[in-house]
Every structure is written in C-alpha cells, then in structure tokens.
Amino acid sequence: MKWTEYRQLSDAALKNELLKMIEESRNLRFQAAIGPLENPLLRRKLRRNVARIRTILRERQIQGVSKT
C-alpha cells in the first residue's frame with residue numbers, strides 16, 4: 001500500500017494491518033535464520049511500512065484526531 005492509502009484507513013484497520021505486518025516480519029526473520037530468502041528486500045519493505053503506520057497512528061494521537 002502507498003502512504004496515502006494508509007492515511008485513509010481507520011485506526012482499527014491500521015492497528016490490524018500493523019499486527020499482520022509484525023507477524024509477517026517475524027516469520028521472515030525465522031526463514032532468514034534457516035536459509036536464504038527468495039526476496040530479501042521484502043524485510044526492508046515490511047519494516048518501512050510498519051514505521052509508516054506507527055507514524056500515522058502517532059500523528060493522530062498527538063492531534064487528538066481519531067478516524068473510526
């Protein structure tokens with residue numbers, strides 16, 4: 001997803017997406033420990049998307065705006 005698409009999601013949807021990404025990141029980390037990954041750049045993309053989502057949630061928290 002793109003940055004603008006994440007901004008349109010509600011807080012609950014963002015948190016749900018964040019949990020999925022963290023779980024997928026954990027699975028990729030285990031796969032990397034066992035052997036080489038098919039796409040090693042996927043870990044970087046996941047890490048950056050997690051940071052994007054956390055930034056959006058934090059911005060909303062600071063502004064006091066909650067999308068439901």
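This section describes the confidence, the largest pocket and a selection of residues of a predicted model.

The pLDDT of the chain averages 91, and 96% of the residues score at least 70. Among the elements of the chain, the lowest mean pLDDT, 87, belongs to helix H1, which covers residues 3-8, whereas the highest, 95, belongs to H2. Helix H2 spans residues 11-34, and helix H3 spans residues 41-63.

The largest pocket has a volume of about 180 Å³. Its lining is made up of Ile-22, Ser-25, Leu-28, Arg-29, Arg-43, Leu-46, Arg-47, Val-50 and Arg-54. Both H2 and H3 contribute to this lining, each with at least two residues, and the largest share, 5 residues, is supplied by H3. When the lining of the largest pocket is sorted by class, 4 residues are nonpolar, 1 is polar and 4 are charged.

Two of the residues considered individually are buried, one in H2 and one in H3. Asp-11 is located in helix H2, and its relative accessibility is 14%, which places this residue in the buried class because the limit for that class is under 20%. The side chain of Asp-11 forms a polar contact with the side chain of Arg-60, at 2.7 Å. Asn-49, for its part, belongs to helix H3 and has a relative accessibility of 13%, so that Asn-49 is likewise counted as buried. When neighbours within four places in sequence are left aside, the residues in contact with Asn-49 are Met-1, Tyr-6 and Met-21. Of these partners, Tyr-6 falls in the range of helix H1, residues 3-8, and Met-21 in that of helix H2, residues 11-34.

Several other residues of helix H3 are partly exposed, a class that lies between the limits for buried, under 20%, and exposed, over 50%. Leu-42 lies in helix H3 and is counted as partly exposed because its relative accessibility is 30%. Residues up to four places away in sequence not being counted, Leu-42 touches Glu-24 and Leu-28, and Leu-28 is also one of the residues that line the largest pocket. Between Leu-42 and Ile-62, which are 20 residues apart along the chain, the separation of the C-alpha atoms is 30 Å.

Ala-51 is also placed in helix H3, where a relative accessible area of 38% makes this residue partly exposed. From Ala-51 to Asn-27 the distance is 18 Å, C-alpha to C-alpha, for a pair that is 24 residues apart in sequence. Glu-59, another residue of helix H3, has a relative accessible area of 30% and is therefore partly exposed. Glu-59 and Ile-34 are 25 residues apart in sequence, and their C-alpha atoms are 37 Å apart in space.

An exposed position is found in helix H2, at Ala-33. The relative accessibility of Ala-33 is 65%, and this residue counts as exposed because the value is over 50%. Ala-33 and Glu-17 are separated by 16 residues in sequence and by 25 Å in space, taken from C-alpha to C-alpha. Helix H2 thus includes Asp-11, which is buried, as well as Ala-33, which is exposed, while helix H3 includes the buried Asn-49 together with the partly exposed Leu-42, Ala-51 and Glu-59.

How values were computed: Residues numbered from 1 in each chain as written. Predicted model: local features only at pLDDT ≥ 70, side-chain atom pairs only at ≥ 80, totals over all residues. Heavy atoms only, no water. Helix = DSSP H or I, 4+ residues; strand = E, 2+ residues; numbered from the N terminus. Buried < 20%, exposed > 50% of the residue type's maximum accessible area, 1.4 Å probe, protein only. Polar contact = N/O pair within 3.5 Å; in protein donor to acceptor, adjacent residues only side chain to side chain. 1 Å grid on protein atoms, 1.4 Å probe; cavity = no way out; pocket = protein on both sides within 12 Å on 5 of 7 lines; lining within 4 Å. Points joined across faces, edges and corners; volume = space filled by probe spheres on them. Nonpolar A, V, L, I, M, F, W, Y, C, P; charged D, E, K, R; others polar. Contact = heavy atoms within 4.5 Å. pLDDT = per-residue confidence, 0-100.
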